Structures are given as C-alpha cells and as structure tokens.
Amino acid sequence: MEEVAIVRRSSDGEARVDAFALMSAKAATFPLDTDLEEGDLIEQRLPSGKAKLYRATRVTYHSRRGLPASAQRVTAEIEPVTTRPAPADRRVEIPGMHPTVSQAAGALFADGHYSKAVLAAFQAVELQVQTKSGLTETGVQLMHRAFNPQSPIIDVARHGGRNAQDEREGFRFLFAGAMAGLRNPRAHGADLPDSEVEAIEYLALASALLRRI
C-alpha cells in the first residue's frame, strides 16, 4: 500500500486526512477503518513529486459477519479528475436553522434531495468540530475525543458541578450518535428515502449541535 490523502470538500472548506491505499487505474482499496465517502477526492503522490487526483464514485465497506479479517476492507471505484470541484455557491436559507446548516444543506433540501441534505449538514458539523478542536480524526472517534467529559477539547457545558458533567457526557453521545446513526449510513451507501419531515428534523439536530460549539 502507498500513502495517499483523502480530501473532503464542503461549503465550509476542505478537510484532509492521510491514509494508506492500494491504487490502480480504476479502483482503490483501503483498510476497513478508513473513513471514505462517495465524492471524496483521493490524492496520489507520484515519484516525480507531483500528485494525481481521483474521485471516489462508489464506495463499499466489506465488513459482514463471518468475513475473514484479511478480507475486511474498503473498496472504491475511482475516476481521475483534472480540477477540484468548487464548493457550491448557491445558498438557501432554512428558517430557524444555524447558518452553517443553511449554507451546507439549504440548496439540497430546497431541491428535494433530502438524504443528501442531511449528509451535508452532518459533514458540516464534523468539519466544525475538526476546526475548533484542531483534531484530524473523523466521525465517531473525533466526537469522543473532542467532547471527552474528563478533558474536553470543546466544552459544551453551560452549568457547573454535576450538571456540567452530565451535559458533557450527554452531548458527547449526541455528537457521536449523530455521526454513527445519521452521517455514516448516508455517506457509505445509496441515498436513504428520507422524507421532507424527517430531513427537517435531522437538520434541526445538526443545527442544535452547531449552536453548542
């Protein structure tokens, strides 16, 4: 395997994570614990010192029960890209939502892409936590580190004493649960059939989490 960089872009900026991959012209294979989503960019460093950029077009997590550990992996179909996609400049306000939610997901929600809007909102939550904490982890692991109630990098408590510890512990699981239960299923598979009502409720959760940080 060779060292590559996974680049994830959103309206809030760009996040880069180093990873190891087995690269070929049309596919890439990663260890199972790699956080990779469809649409992510994979930057391959060439011996000449230049870099070649690919886009992950279909991502599959091979982790079913009974599969030998040696066969558990993440595979991605990839396509070369010559330029990086620019962040969407269309912004649609969703009344009552945190501005970051509107910026990341408003246009998708307005166009009826409810599952993609939910994913974009929680990717924005993830990016904000990375930015404010200075951590490079992603997903559930990021949230457990950033909101560790014993030594929080981001302190969400608004009370003192025992209530503060309860808040820290509770919000740690809210952030981590949002990654595991809402972000990951939409990032690692086909679009889920979210209704408009479900989507607005999920976006409200993303908004509430953003207001705490």
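A nonpolar core is a set of buried Ala, Val, Leu, Ile, Met, Phe, Trp, Tyr and Cys residues joined through side-chain atoms within 4.5 Å. The exercises below apply to a predicted model.

**Exercise 1.** Find which residues touch the most other members of the largest nonpolar core, and which helix gives the most to this core.

*Solution.* Step 1: the core has 31 residues. Phe122, Val129, Met143, Phe147, Phe175, Leu203 and Ile213 touch the most other members. Step 2: two or more residues each come from helix H1 (99–110), helix H2 (114–133), H3, H4 and helix H5 (196–212). Step 3: H2 gives the most, with seven residues. Step 4: apart from this core lies another, of 15 residues, including Val4 and Met23.

**Exercise 2.** Determine how helices H3 and H4 are oriented to each other, and classify the residues in contact.

*Solution.* Step 1: the axes of H3 (residues 139–146) and H4 (residues 161–187) come within 8 Å and cross at roughly 170°. Step 2: angles over 145 degrees count as roughly antiparallel, so H3 is roughly antiparallel to H4. Step 3: H3 contributes Gly139, Val140, Met143 and His144. H4 contributes Arg172, Phe173, Phe175, Ala176, Met179 and Ala180. Step 4: by class, seven are nonpolar, two polar and one charged.

**Exercise 3.** Describe the surroundings of Phe175 and its aromatic pairing with Phe147.

*Solution.* Step 1: Phe175 is buried, and so is Phe147. Step 2: leaving out residues up to four places away in sequence, Phe175 touches Val125, Val129, Met143, Phe147, Leu209 and Ile213. Step 3: the whole structure holds two aromatic pairs. Phe147 and Phe175 form a stacked one, 4.2 Å centre to centre with 20° between the planes. Step 4: Phe147 lies in the loop between H3 and H4, and Phe175 in helix H4, so the pair ties together parts 28 residues apart in sequence.

How values were computed:
Residues are numbered from 1 along each chain as its sequence is written. This is a predicted model: local features need pLDDT of at least 70, side-chain atom pairs count only at pLDDT 80 or more; totals for chains, interfaces and linings use all residues. Side-chain values use heavy atoms; hydrogens and water are left out. Axes are lines fitted to C-alpha atoms, for helices over the stretch in contact, and angles run from 0 to 180 degrees between N-to-C directions. Helices (H or I, at least four residues) and strands (E, at least two) are DSSP runs, numbered from the N terminus. Angles under 35 degrees count as roughly parallel, over 145 as roughly antiparallel, 65 to 115 as roughly perpendicular and the rest as oblique. Contact means heavy atoms within 4.5 Å. Ala, Val, Leu, Ile, Met, Phe, Trp, Tyr, Cys and Pro count as nonpolar, Asp, Glu, Lys and Arg as charged, and the others, Gly among them, as polar. Buried means under 20% relative accessible area, exposed over 50%, partly exposed in between (1.4 Å probe, protein chains only). Rings of Phe, Tyr and Trp (its six-membered ring) pair if their centres lie within 6.5 Å; planes under 30 degrees apart count as stacked, over 60 as edge-to-face and the rest as tilted.
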